[in-house]
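Got a minute to walk through a model together? Let's take it one feature at a time.

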4 protein chains.
Amino acid sequence: MIRAQPFRHPLTVYYEDTDAAGVVYYANYLKFMERARTEWLAALGWPLAQVEREFSRVFVVTHVDIAFLHPARLNDRLDATVEVVDRGASRLVLAQEISRADRPLTRARVTLACLDRDRWRPARLPAPLVAAMENTQ
Amino acid sequence: MIRAQPFRHPLTVYYEDTDAAGVVYYANYLKFMERARTEWLAALGWPLAQVEREFSRVFVVTHVDIAFLHPARLNDRLDATVEVVDRGASRLVLAQEISRADRPLTRARVTLACLDRDRWRPARLPAPLVAAMENTQ
Amino acid sequence: MIRAQPFRHPLTVYYEDTDAAGVVYYANYLKFMERARTEWLAALGWPLAQVEREFSRVFVVTHVDIAFLHPARLNDRLDATVEVVDRGASRLVLAQEISRADRPLTRARVTLACLDRDRWRPARLPAPLVAAMENTQ
Amino acid sequence: MIRAQPFRHPLTVYYEDTDAAGVVYYANYLKFMERARTEWLAALGWPLAQVEREFSRVFVVTHVDIAFLHPARLNDRLDATVEVVDRGASRLVLAQEISRADRPLTRARVTLACLDRDRWRPARLPAPLVAAMENTQ
């Protein structure tokens, strides 16, 4: 069985991302990971805006477990990856990594709940989105 | 004529506010100034949420002219001030300053438009809010 | 045995903290938690700057496990708490919570490494800082 | 005389950039503009890191005059432009714009001081950087 590579989104570290310790501020890795998730859904053919418009579904992060292994620095060119590691009826668990030249700097497990946008309650992942995820794995 | 002191809001510089140059990142002074405006309205007796609820009015910044004179640094205790310098029917111009121990670090002139929240169009400043501003000058 | 309350730092949610979903952006809870840690050390008598100056020690976050239970919203008055739950020679594990009117909104376990500032290597927690932590528990 | 187009850097609006009013938070346009300046220098062949390494020069923003004309929103694809409008011995004035589909949303004039990195004092713009700017106008 051939398994696809995780989705990969390139990033550049600007001054806004760093702090006085000379490294990327720890909360900002979560921003990088969210950018990668957004681009991943768009690459699957289901941008967030379309998921909301067609299915009245939004995603919220309910849990993050993140290890900070090595610091990223100003001007670094990074990659942020996204990979589905578990899936429930209304829940996605993603493995995400920020790396520089294939060296992992942070590694996270991010749990997302799929919500009905109007009732703000858990709701099934839209079937076409699930199908798109399966086709790339 | 006795003129009141400008409104003053105390701030602390945390890592999140700084960048790899070891100083507060330039965009973050605008955050500090917005915190001070929010607390100023609350101190006048008209918190933003109440202005919106009672008058359907919101404020948007339409123009900022800001000079960065000296850098603020990690752990600095700062003050952000607010002073009305001009007022139109649906417009406020504020002088704002960020200082450390009375030394000005940044100085801005901030123009706000008062909008009707539903039509997103210029709308008169609520009279009770104007009265509250005049009482403190 | 009487056990002290966790350290508590009050916070206000401003526009800068929120996102287009109308709630606090998930990464920003980590900013709130870091502000609380900074103020907690200062309240113990050991502000970060002094720890660095006297002992050449800095803290870096190496791991965060955070659950997002309920959203915080614009203008909310929140509390961020800090409590030591585990301690190694050069490592601290903190329980941190963001709550509104005693209702927990996010709950995290944050692991910090104590590093020698010059060699950027794990280094023992300064004894006076450990003593100060023990006195408040 | 043929005049070159301003440098143009593409951007996407993510949740991190927006606020509870549903639009891009005003301070974040300054982040977008700084990203564009960084990429502009890199495109000229003089990335910030190289300017600092070879000439011991850094840039700091000393003044911004910015008008917020129309709001940008979640998922917008934007362009940020950079154009030199004035130049002194140790000073650059840039016109910068954020636009969506050629409609300007914010427009700024940004003044940068060129500093000697060690003495943190105004210092001449490096001649090769000036030459690179002139070649593109």
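What follows is a short back-and-forth on chain contacts and strand pairing.

Q: Before we start, what kind of model is this, and how are residues and chains labelled?

A: It's a predicted model, where local features need pLDDT of at least 70, side-chain atom pairs count only at pLDDT 80 or more, and totals for chains, interfaces and linings use all residues. Residues are numbered from 1 along each chain as its sequence is written, while chains are lettered from A and ligands numbered from 1 in the order in which they are written.

Q: How many residues does the contact take from chain A and from chain C?

A: In general, two residues are in contact if their C-beta atoms, placed from the backbone, lie within 7 Å. Here, chain A puts in 13 residues and chain C puts in 13 residues. On chain A's side, the elements giving two or more residues are α1 (28-43) and β2 (57-68); helices (H or I, at least four residues) and strands (E, at least two) are DSSP runs, numbered from the N terminus. The largest share, 8 residues, comes from β2(A).

Q: What is the make-up of that side of chain A by class?

A: Ala, Val, Leu, Ile, Met, Phe, Trp, Tyr, Cys and Pro count as nonpolar, Asp, Glu, Lys and Arg as charged, and the others, Gly among them, as polar. The side of chain A that touches chain C has 8 nonpolar, 3 polar and 2 charged residues.

Q: In what sense do β2(A) and β2 of chain C pair?

A: Two strands pair if DSSP finds at least two bridges between them. β2(A) and β2 (residues 57-68) of chain C do so in the antiparallel sense, over 5 bridges. For instance, A:Ala67 has C:His63 as its bridge partner.

Q: Which strands does β4 of chain D pair with?

A: Strand β4 (residues 91-100) runs antiparallel to β3 (residues 77-87) of chain D, with 8 bridges joining them. D:Thr81 is bridged to D:Glu97 there, and the two strands form a hairpin with 3 residues between them. β4(D) also runs antiparallel to β5 (residues 103-116), joined by 10 bridges, with D:Arg91 partnered by D:Ala113. That hairpin has 2 residues between the strands, and D:Ala101 takes a positive phi near 50 degrees.

Q: And what does chain B bring to its contact with chain C?

A: The contact takes 11 residues from chain B and 11 residues from chain C. On chain B's side, α1 (28-43) and α2 (48-55) each supply at least two residues, and α1(B) gives the most, with 4 residues. By class, that side has 5 nonpolar, 2 polar and 4 charged residues.
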